[in-house]
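Visitor: I would like to learn how to read the features of a protein model. Could you take me through one step by step?

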Amino acid sequence: MEAAACAPALQFPPPVRLNGDGGGQKNCLPSRWRNPGLVTVRDSGRELGFLRQRKPPVVLLQSCECSQVVPALEAGYLRSSSNGNWLLKMKAQEVSSCLDGRSIFLVGMMGSGKTTVGKILSEALGYTFVDSDKYVEQAIGQDSVTQIFKQRGECIFRDYESDALRKLSFTPQQVVATGGGAVVRPINWKYIRQGVSVFLDVPLDALARRIAAVGTDSRPLLHFESGDPYTQAFVGLFTLSKKRAESYASADVKVSILDLAANLGVEDVLDVTPTAIAIEVLVQIEKFLQGNNMSSRMFP
């Protein structure tokens with residue numbers, strides 16, 4: 001590709017309230033999403049010059065390799081949903097070329113937000129979204145996983161789950177939200193590793209509060225005869241997490257919602273928006289692909 005085709009194109013974010021403009025918000029963006037105001041414009045290792053702006057733009061390098069979006073953002077940017085969506089689209093555009101069609105498999109405990117975040121990621125990347133639990137329900141002809149557990153047992157469900165992941169592993173450009181226990185069977189990792197696996201790590205207390213708010217009836221592994229919803233959820237989650245922790249650690253990418261909340265200045269992890277989590281997922285996927293030199297590997 002000729003040098004002219006790789007010239008940097010400047011893209012400006014929509015208006016936001018900034019410190020000094022009456023906003024007064026705390027700077028809530030992690031450093032990896034920001035730049036200090038001085039942007040070095042590079043293309044394929046060649047320095048093209050410097051940009052300094054009072055309110056820096058985003059520099060999008062249209063290069064032959066993975067382009068680099070440098071988010072030059074300031075205070076309170078993600079507090080606006082439109083701003084968060086804009087940043088998500090920019091990051092998705094950047095990471096898409098690195099993924100090269102590879103699917104994303106989200107793993108994590110029940111209630112960790114795999115379905116919600118997965119739908120946001122799929123829309124941003126132009127991928128298809130699949131919930132593996134829903135896939136199994138349709139294959140068996142049951143309305144819910146709870147019914148399958150009651151009528152056929154967990155073992156039958158796991159067999160169908162493995163078959164679902166096997167079939168899904170052959171299809172590129174998908175975001176797959178897996179069931180919480182999918183990671184336990186070693187054979188499932190053979191299928192999950194056909195794409196990029198992402199572990200959404202959410203503290204157990206937050207998971208228990210989220211699940212207790214809607215009840216445990218739809219969570220067959222958490223439904224006990226006695227105890228308040230929060231206690232049921234927390235005890236069940238604690239037991240399951242001890243069994244699954246090592247398996248979750250096998251994921252290519254880990255996204256700690258606790259760390260993300262701290263970086264964003266959010267006190268309660270449940271207040272971190274799904275959009276912010278989706279952006280962080282893309283940031284960590286990009287690091288993983290670049291670090292493992294996998295961006296040039298085509299989908300098998």
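Guide: Gladly. Let us begin with a rule for naming helix angles: under 35 degrees counts as roughly parallel, over 145 as roughly antiparallel, 65 to 115 as roughly perpendicular, and the rest as oblique. Please keep in mind that this is a predicted model.

Visitor: How do I apply that rule to H9 and H10, and at what angle do their axes cross?

Guide: Two packed helices are described by the angle between their axes and the distance between the axes. Here the axes of H9 and H10 cross at roughly 110° and come within 11 Å. H9 and H10 are therefore roughly perpendicular to each other.

Visitor: Which residues of H9 and H10 meet?

Guide: From H9 there are Ile 257, Leu 260 and Leu 264, and they meet Ala 276, Ile 277 and Glu 280 in H10. Sorted by class, the contact of H9 with H10 has five nonpolar residues, no polar ones and one charged.

Visitor: Which residues of H9 are buried?

Guide: Helix H9 spans residues 257-264, and its buried residues are Ile 257, Leu 260, Ala 261 and Leu 264. They lie on the same side of H9, because the arc they cover around the axis is only 100°. The general idea behind such a pattern is that an α-helix has 3.6 residues a turn, so residues three or four places apart point the same way.

Visitor: What covers the buried residues of H9?

Guide: The cover includes strand E9 (196-201), strand E10 (253-256) and helix H10 (274-291). Just after H9 comes Gly 265, with a positive phi near 75°.

Visitor: I would like to try the angle rule again. How do H4 and H5 cross?

Guide: Helix H4 covers residues 145-152 and helix H5 covers residues 154-168; their axes come within 7 Å and cross at roughly 125°. By the rule, H4 and H5 are therefore oblique to each other. On the H4 side the contact is made by Val 145, Ile 148, Phe 149 and Arg 152, and on the H5 side by Glu 154, Ile 156, Phe 157, Arg 158 and Tyr 160. This contact of H4 with H5 divides into six nonpolar, no polar and three charged residues.

Visitor: Now for sheets. In what order do the five strands of the open sheet stand?

Guide: Strands of a sheet pair through backbone hydrogen bonds, either parallel or antiparallel. In this model, five strands form an open sheet in the order E7-E8-E6-E9-E10, with parallel pairing. Strand E7 (128-131) and E10 stand at the edges with a single partner strand each, so one side of each has no neighbour in the sheet. From one strand to the next, the twist averages 20°.

Visitor: How many bridges join E6 to E8?

Guide: Three bridges join strand E6 (residues 104-107) to strand E8 (residues 174-177), and the two run parallel. Ile 104 has Val 175 as its bridge partner in E8. E6 also pairs with E9 in the parallel sense, over four bridges, and Val 107 stands opposite Phe 199 in E9. Moving on across the sheet, four bridges join E9 to E10, again running parallel, and Val 198 has Val 253 as its bridge partner in E10.

Visitor: Is E9 mostly covered or uncovered?

Guide: E9 is mostly covered, with five of its six residues buried. For the protein chain as a whole, buried residues make up 48% of the 300 residues.

Visitor: Which strands does helix H2 lie across?

Guide: Helix H2 (residues 114-125) lies across E6, E7, E8 and E9, and runs at about 165° to E7. Helix H3 (residues 132-140) packs on the sheet too, touching E7 and E8, and its direction makes about 70° with that of E7.

Visitor: Let me end with the backbone. What is the phi of Asp 100?

Guide: Asp 100 has a phi near 55°, a positive value in a residue other than glycine. Asp 100 sits in the loop between helix H1 (81-99) and E6. Its relative accessible area is 24%, so Asp 100 is partly exposed. Gln 173 is not a glycine either, yet has a positive phi of about 55°. Gln 173 is found in the loop between H5 and E8 and, at 42% relative accessibility, counts as partly exposed.

Definitions and conventions
Residues are numbered from 1 along each chain as its sequence is written. This is a predicted model: local features need pLDDT of at least 70, side-chain atom pairs count only at pLDDT 80 or more; totals for chains, interfaces and linings use all residues. Side-chain values use heavy atoms; hydrogens and water are left out. Buried means under 20% relative accessible area, exposed over 50%, partly exposed in between (1.4 Å probe, protein chains only). The arc is that of the directions from the helix axis to the C-beta atoms. Contact means heavy atoms within 4.5 Å. Axes are lines fitted to C-alpha atoms, for helices over the stretch in contact, and angles run from 0 to 180 degrees between N-to-C directions. Ala, Val, Leu, Ile, Met, Phe, Trp, Tyr, Cys and Pro count as nonpolar, Asp, Glu, Lys and Arg as charged, and the others, Gly among them, as polar. Two strands pair if DSSP finds at least two bridges between them.
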